[in-house]
Amino acid sequence: MLELPYIVEPRPDTGLTNGKLGIWLFLASEVMLFGGLFAAYIMLRVGGPTWPVGADILNVPMATFNTVVLITSSITMVMAWAALMRRNYGTYQLYMFATVGLGLVFLTVKYFEYSHKLHDGLYPSTSTFLAIYFTLTGLHMLHVIAGMVVITYFALAGRSMFRKNPQWLTNRVEHTGLFWHFVDLVWIFLFPVLYLM
Amino acid sequence: MSNHAEEMDRHIRTYLLVFGSLIVLTLITVASSQFLHLPIGPHIAVALIIATIKATLVACFFMHLISERKLIMAVLGLTVFFFFVLLLVPAMTALSHETGH
């Protein structure tokens, strides 16, 4: 069977595994994706005659709770990687499921937030503020879902990978973690920009 | 205990410290926006400065940027540059509207 090159050992010229360089290049493109939408936010805000204070329309306690949930999921993700570094598969799996669980809590809170808005007749078409709010948080939510799918996959299918080549699984989980922390990082900016300013 | 295990213990202590800092900074952000009643300019500045500190902590420690290779730094440096160019475009548009040029 063909072995993938430089997925366990770093490539001599870059000093990195191909997977790590790949995920960082992908994250760079993600920065530009969200950057474009943040630019749209600035354009709408400075171009509009008025701009609401997010806290008057949105639920700050719910969003604060969700911020704490995402930050906690980042620590469980990094602990899953640390457990793999120690070759402790049971602990790794526990932290991975905890991360997915916290992702689910985040999505549930978001569901209540969205349904409350829609119930009050506040749609993306209601105002430019709500349009950019739904666009930015919706795109972010898609990223949370994508991250949860990958984390669930490695939590369930990781055992055979661990038996075959534990360092390869450790690297893959580190790369998954990089994506998950990026999703957390985007929320760290979305929260004050949309809810508090 | 081996050196590797000791090193991981040290890493985990750092992660927990960063986690605690992130929670405290989140509460400070919310408290400052709810109770300080600053004018809009300083209010935005405080919120963005705290968010940047939090993002730096996540990137440096959870994403291991603090000990990462130069190539990743180069990729990120380029990304950050273009990110600010992207943000500058609407800001300059707004400025030209205000000055009428």
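**View 1. A:Asn171, a buried polar side chain in helix 6 of chain A.** In this predicted model, A:Asn171 has a relative accessibility of 8%, which is under the 20% limit, so the residue counts as buried. Its place is in helix 6 of chain A, which covers residues 166-196. Look for the two backbone oxygens that the side chain meets: that of A:Ile7 lies 2.9 Å from one of its polar atoms, and that of A:Val8 is reached at 3.4 Å. Beyond its neighbours within four places in sequence, A:Asn171 is in contact with A:Ile7, A:Val8 and A:Thr17. A:Val8 and A:Asn171 are 163 residues apart along the chain, yet 7.1 Å separates their C-alpha atoms.

**View 2. A:Thr137 within helix 5 of chain A.** Helix 5 runs over residues 128-164 and holds A:Thr137. With a relative accessibility of 1%, A:Thr137 is another residue to count as buried. Its side chain reaches back to the backbone oxygen of A:Tyr133, at 2.6 Å. Setting aside residues up to four places away in sequence, A:Thr137 touches A:Lys110, A:Tyr114, A:Trp187 and A:Leu194. One of these, A:Lys110, is the subject of the next view.

**View 3. A buried salt bridge in helix 4 of chain A.** Here A:Lys110 pairs with A:Glu113 in a salt bridge, with 2.9 Å between the closest N and O atoms. The two residues are three apart in helix 4 of chain A, so about one helical turn separates them. Are these charged partners buried or exposed? A:Lys110 has a relative accessibility of 0% and therefore counts as buried, and A:Glu113 is buried as well, with a relative accessible area of 1%.

**View 4. A salt bridge between A:Asp13 and A:Arg11.** The closest N and O atoms of this pair are 2.7 Å apart. A:Asp13 is exposed, its relative accessible area being 57%, whereas A:Arg11 is partly exposed at 31%.

**View 5. A salt bridge that joins the two chains.** The side chains of B:Asp9 and A:Arg86 meet at 2.1 Å, N to O. B:Asp9 belongs to helix 1 of chain B, while A:Arg86 sits in the loop between helix 3 and helix 4 of chain A, so the pair joins two chains. Both ends are partly exposed: B:Asp9 has a relative accessibility of 23%, and A:Arg86 has a relative accessible area of 37%. Over all chains, the structure holds five salt bridges.

**View 6. A salt-bridge network with members in both chains.** Which residues should you pick out here? They are A:Lys20, A:Glu174 and B:Glu68, linked in a network of salt bridges.

**View 7. The largest nonpolar core.** This core has 88 residues. Good places to start looking are the residues with the most contacts inside it, namely A:Trp24, A:Tyr92, A:Met96, A:Leu169, A:Tyr195 and B:Met63. Several helices supply at least two core residues each: in chain A these are helix 1 (18-47), helix 3 (60-85), helix 4 (89-119), helix 5 and helix 6, and in chain B they are helix 1 (3-35), helix 2 (40-62) and helix 3. Helix 6 of chain A provides the largest share, 17 residues.

**View 8. A nonpolar patch on the surface of chain B.** Five side chains to find are those of B:Leu78, B:Phe81, B:Phe82, B:Val85 and B:Val89, which form a nonpolar surface patch with about 470 Å² of accessible area together. B:Val89 lies in helix 3 of chain B, residues 70-99. With a relative accessible area of 48%, B:Val89 is partly exposed. That value is over the 30% which a patch residue needs, so B:Val89 passes this cut-off.

**View 9. Chain A as the setting for the close-ups.** Chain A contains six helices and zero strands, and its elements follow the order α-α-α-α-α-α from the N terminus. The C-alpha trace spans about 60 × 35 × 25 Å along its principal axes. Of the 197 residues in chain A, 53% are buried. Among contacts between residues at least 6 apart in sequence, 78% join residues at least 24 apart. Chain A exposes about 8500 Å², and carbon and sulfur atoms supply 70% of that area.

Key:
Residues numbered from 1 in each chain as written. Chains lettered and ligands numbered in written order. Predicted model: local features only at pLDDT ≥ 70, side-chain atom pairs only at ≥ 80, totals over all residues. Heavy atoms only, no water. Patch = residues over 30% accessible without salt bridge, like charges linked within 9 Å, V, L, I, M, F, W, Y side chains within 5 Å. Areas by Shrake-Rupley, 256 points an atom, 1.4 Å probe, with all protein chains shown as cover. Salt bridge = Lys/Arg side-chain N within 4 Å of Asp/Glu carboxyl O. Helix = DSSP H or I, 4+ residues; strand = E, 2+ residues; numbered from the N terminus. Buried < 20%, exposed > 50% of the residue type's maximum accessible area, 1.4 Å probe, protein only. Polar contact = N/O pair within 3.5 Å; in protein donor to acceptor, adjacent residues only side chain to side chain. Contact = heavy atoms within 4.5 Å. Core = buried A, V, L, I, M, F, W, Y, C linked by side-chain atoms within 4.5 Å.
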